[in-house]
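Hi there,

Here is the structure I promised to pass on. Have a look at it first, and then read on for what I found in it.

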Amino acid sequence: MRGAALLAALLAPGVAAAELRTMRYVCERGVEVPVVYVPDAEPAAAVIGVEGGMYALEAEQAASGVRYGWPSDGSHYVWWTRGTEEAMLLWSDGETGEEVTLLAECRAG
C-alpha cells in the first residue's frame, strides 16, 4: 500500500480502532510527533505528523527495532523505533544515501 492509498485506507469506514495504534512522542526541544501505527498492513506502516504534514511510511529491514521509511530511492523521512517507547526521526538523502538525525531522544508520552 503506498502513500495516498495507505492514508485513504486508514480513513475508510470499517477500519477498526484495534487495527490502529495511536501514540504521541515528545522529542528533544519539546517537539511532538504524533504517530499512527498500522501493524496489520502488509508491510506494517506508520503515519507520522511532522513539519506540518502527514507522511505514510512502510516498515523496512532494520538491524534492531522497527524502521519505517518510504520505499524509493528518493529523499524521505525515516522513523526508527526501539520498542514502543523510544524513537528518532531521520532524513534520508536519496542522492547521497546519507541519513541525518532531525529529532533524537523521542519518548512516548
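Let's start with a small puzzle: does Glu32 count as buried, partly exposed or exposed? Keep your guess in mind, and I'll come back to it when we get to the charged pairs. One thing to know before we go on is that this is a predicted model.

**The overall picture**

The protein chain has 109 residues, and they include one helix and eight strands. If you walk along from the N terminus, the order of elements is α-β-β-β-β-β-β-β-β. The eight strands make a closed barrel, running β1-β2-β3-β4-β5-β6-β7-β8 with antiparallel pairing. From one strand to the next, the twist averages 30 degrees.

A few totals for the chain: buried residues make up 34% of it. The chain exposes about 6200 Å², and carbon and sulfur atoms supply 54% of that area. If you take the contacts between residues at least 6 apart in sequence, 28% of them join residues at least 24 apart.

**The start of the barrel**

Now try following the strands on screen. Strand β1 (residues 21–26) pairs with strand β2 (residues 32–38) in the antiparallel sense, over six bridges. To find one of the pairs, look for Tyr25, whose bridge partner in β2 is Val33. The hairpin of β1 and β2 has five residues between the strands, and in this hairpin Arg29 takes a positive phi near 65 degrees.

Next along, β2 pairs with strand β3 (residues 45–50), again antiparallel, over four bridges. Here Val38 has Ala45 in β3 as its bridge partner. These two strands also form a hairpin, with six residues between them.

**Charged pairs**

There are five salt bridges in the structure. The general idea is that side chains of opposite charge can pair when their charged atoms come close.

Back to the puzzle, then. Glu32 has a relative accessibility of 46%, so it counts as partly exposed. Glu32 forms a salt bridge with Arg24, and their closest N and O atoms are 3.2 Å apart. Arg24 is partly exposed too, because its relative accessible area is 41%.

Another salt bridge joins the side chains of Glu28 and Arg29, at 3.6 Å from N to O. Arg29 is the residue with the positive phi that we met in the hairpin. At 65% relative accessibility Arg29 counts as exposed, whereas Glu28, at 27%, counts as partly exposed.

My favourite pair is Glu99 and Arg67, whose side chains meet in a salt bridge at 2.3 Å, N to O. This pair links distant parts of the chain: Glu99 sits in strand β8 (residues 99–108) and Arg67 in strand β5, 32 residues apart. How exposed are the two partners? Arg67 has a relative accessible area of 11%, so it is buried, while Glu99 counts as partly exposed at 35%. Glu60 comes into the picture as well, since Glu60, Arg67 and Glu99 are linked in a network of salt bridges.

**Around β5, β6 and β7**

Arg67 has another role to look at, in the strand pairing. Strand β5 (residues 66–69) and strand β6 (residues 76–82) run antiparallel and are joined by three bridges. In β6, Trp80 is the bridge partner of Arg67.

His76 is also found in β6. With a relative accessible area of 10%, His76 is buried, so it falls under the 20% cut-off. The side chain of His76 reaches the backbone oxygen of Gly74 at 2.8 Å. Leaving out residues up to four places away in sequence, His76 touches Glu60, Gly69, Trp70, Leu90, Trp91 and Ser92.

That list brings us to Leu90, which is found in strand β7 (residues 86–92). Leu90 is buried, with a relative accessible area of 5%. Which residues does Leu90 contact, apart from its neighbours within four places in sequence? Among them are His76, Trp80, Glu99 and Val100. The C-alpha atoms of Leu90 and Val100 are separated by 5.4 Å, although these residues are ten places apart along the chain.

Have fun turning it around on screen!

Terms used
Residues numbered from 1 in each chain as written. Predicted model: local features only at pLDDT ≥ 70, side-chain atom pairs only at ≥ 80, totals over all residues. Heavy atoms only, no water. Pairing = 2+ DSSP bridges. Axes fitted to C-alpha atoms, helices over the stretch in contact; angles between N-to-C directions. Buried < 20%, exposed > 50% of the residue type's maximum accessible area, 1.4 Å probe, protein only. Contact = heavy atoms within 4.5 Å. Areas by Shrake-Rupley, 256 points an atom, 1.4 Å probe, with all protein chains shown as cover. Polar contact = N/O pair within 3.5 Å; in protein donor to acceptor, adjacent residues only side chain to side chain. Salt bridge = Lys/Arg side-chain N within 4 Å of Asp/Glu carboxyl O.
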